[in-house]
Amino acid sequence: MKCVVCRESAVIDVRRANSNFCSDHFLRFCQEQMSRAIREFDMLSPTDRVLVAVSGGKDSLAVWDLLQRSGYEADGLYVGLGIDGYSDTSGDYARAFAESRGLKLIEIDLPTDYGYDIPTGARAARRAPCSACGTSKRHLFDKAALEGSYDVLVTGHNLDDEAAVLFGNVLRWQTEYLARQMPVLQARVGFPKKVKPLIRLSERDTAAYCILQGIDYMVEECPMSAGNKHLGYKEALNSIELASPGTKSDFYSGFLRKASALFRAEYLEKSPTGQDSASVDELTYCERCSAPSTASLCAFCRLVDKAGGSVRVEEGRIGSGLEDNAAQSVRITTRAERLASSTTREVEAGQ
Ligand code: Q46
Ligand code: ZN
Ligand code: ZN
């Protein structure tokens, strides 16, 4: 097996591209695929301050590494979920990566900072763990990106993730989800811009990238993922891909090129404001944490209440819109700094 670029011995085959690569050219292939996605969907500009949501797994560490090597100013954000036998170790991988490269890693710990963990929180709220986890992570990612005045929030979603979500949405014709399944979500009041630069790389690619680049990552899956329907969709797509390489990528890229805009047009047509969310005038904010919300308390604060946790309120936070300033950014840096902040007051759940 020879590298298609230099004819040296190849270390990996990428069947969907009908190509084999040596180590150097595979690493370049990954970099090019990410750059191409960034260019094609206008994800980032060179001067953007980027926040990468890091789990300690292969995808998030790979994207952080790739962005840093491409010259982006990228900090990491790790959220400790309090999942036994998983969270402590995954945090160690994220920390080790950041330390080895002298990168800044912002850490938030659900049990320490919000008084609940995902397993007990999900049980108390009678929700599936991944649903409670998704609500928590989305809220904390948005909050950290806005408070830190980052231009963009990056996640490590890869081709397999996006194809599996698309598969699930198509199976049930969830047209609203299809309209919103984009590799870029633009910033709106109360939400940062969010991008997925790894949509052109598979899970196998990111694992190989980490191994070849010497990045240690958490190999074990989250124990709460058992029964997650997206794992089943991934398996189904993998068996199709095995028989017909390139199908997964055609499925997802074809959706983006040929169908996404149609679902989006229909969705926006039905939207009362012709926008993704309520207009600025109509937006309401969570009365506790000031995140955009359709009810008096946002989904996150309701979850925290049910889980018996507590939310620390920081005045003028997400509700202040897109112009969050540097003064606010210091509040998220460490828990100690937040506790020391004079503008921080703690509101116990249920009050
Ligand atoms: S961490 Fe959270 Fe995942 Fe674990 S509980 Fe589910 S969503 S599986 S990416
Ligand atoms: Zn080569
Ligand atoms: Zn809230």
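Right after helix 6 comes S149, a residue with a positive phi, near 55°. That is a handy place to step into this model, which is a predicted one. Walk back from S149 into the helix before it, and you are in helix 6, residues 129–147. Its 19 residues should span 27 Å at 1.5 Å a residue, and the end C-alpha atoms are indeed 27 Å apart, so expectation and model agree. Most of helix 6 is covered, with 14 of its 19 residues buried.

What does helix 6 touch in the sheet? Helix 6 packs against strand 3, strand 4, strand 5, strand 6 (152–154) and strand 8 (193–195). To see how those strands are arranged, turn to the sheet itself. It is an open sheet of 6 strands with mixed pairing, running in the order 5-4-3-6-8-7. Strand 5 (105–109) and strand 7 (184–185) are the edge strands; each has a single partner, so one side of each has no neighbour in the sheet.

Now zoom in on one pair. As a reminder, strands of a sheet pair through backbone hydrogen bonds, either parallel or antiparallel. Strand 3 (residues 49–53) and strand 4 (residues 73–80) go the parallel way, joined over 5 bridges. If you want a spot to look at, find V52, which sits opposite G76 in strand 4. Helix 3 (residues 87–101) also packs on the sheet, where it touches strand 4 and strand 5. The direction of helix 3 makes about 165° with that of strand 4, while for helix 6 the angle to strand 4 is about 145°.

Next, have a look at helix 7, residues 159–171. Its 13 residues should span 18 Å at 1.5 Å a residue, and its end C-alpha atoms are 18 Å apart, which agrees. Is helix 7 mostly covered or mostly open? It is mostly covered, since 10 of its 13 residues are buried, which means under 20% relative accessible area. Among the buried ones are L159, L166 and F167, but also D160, D161 and E162. The cover over these buried residues includes helix 2 (58–69), helix 8 (175–180), helix 9 (203–213), helix 10 (229–243) and helix 11 (247–270).

That leaves the metals. The zinc ion (ligand 2) is held by C3 (SG), C6 (SG), C22 (SG) and H25 (ND1), at 2.1 to 2.3 Å. In sequence, those donor residues follow the spacing C-x2-C-x15-C-x2-H. C6 belongs to the segment before strand 1 (12–14) and H25 to helix 1 (residues 23–40), so this pair ties together parts that are 19 residues apart in sequence. Why is the arrangement around this zinc ion called tetrahedral? Because the 4 donor atoms subtend angles of 95 to 115°. C6 is partly exposed, at a relative accessible area of 29%, whereas H25 is buried, at 15%.

The zinc ion (ligand 3) has C286 (SG), C289 (SG), C298 (SG) and C301 (SG) as its protein donors, lying 2.3 Å from the ion. Here the spacing of the donor residues reads C-x2-C-x8-C-x2-C. The site of ligand 3 is tetrahedral, with angles of 106 to 115° among its 4 donor atoms. Check the accessibility of two of these cysteines: C286 counts as buried at 4% relative accessibility, and C289 is buried with a relative accessible area of 3%.

Methods:
Residues numbered from 1 in each chain as written. Chains lettered and ligands numbered in written order. Predicted model: local features only at pLDDT ≥ 70, side-chain atom pairs only at ≥ 80, totals over all residues. Heavy atoms only, no water. Donors = N, O, S within 2.8 Å, 3.2 Å for Na, K, Ca; no water. Tetrahedral: all angles 85-135°; square planar, octahedral: opposite > 155°, others 65-115°. Buried < 20%, exposed > 50% of the residue type's maximum accessible area, 1.4 Å probe, protein only. Pairing = 2+ DSSP bridges. Helix = DSSP H or I, 4+ residues; strand = E, 2+ residues; numbered from the N terminus. Contact = heavy atoms within 4.5 Å. Axes fitted to C-alpha atoms, helices over the stretch in contact; angles between N-to-C directions. Expected span 1.5 Å × (residues − 1).
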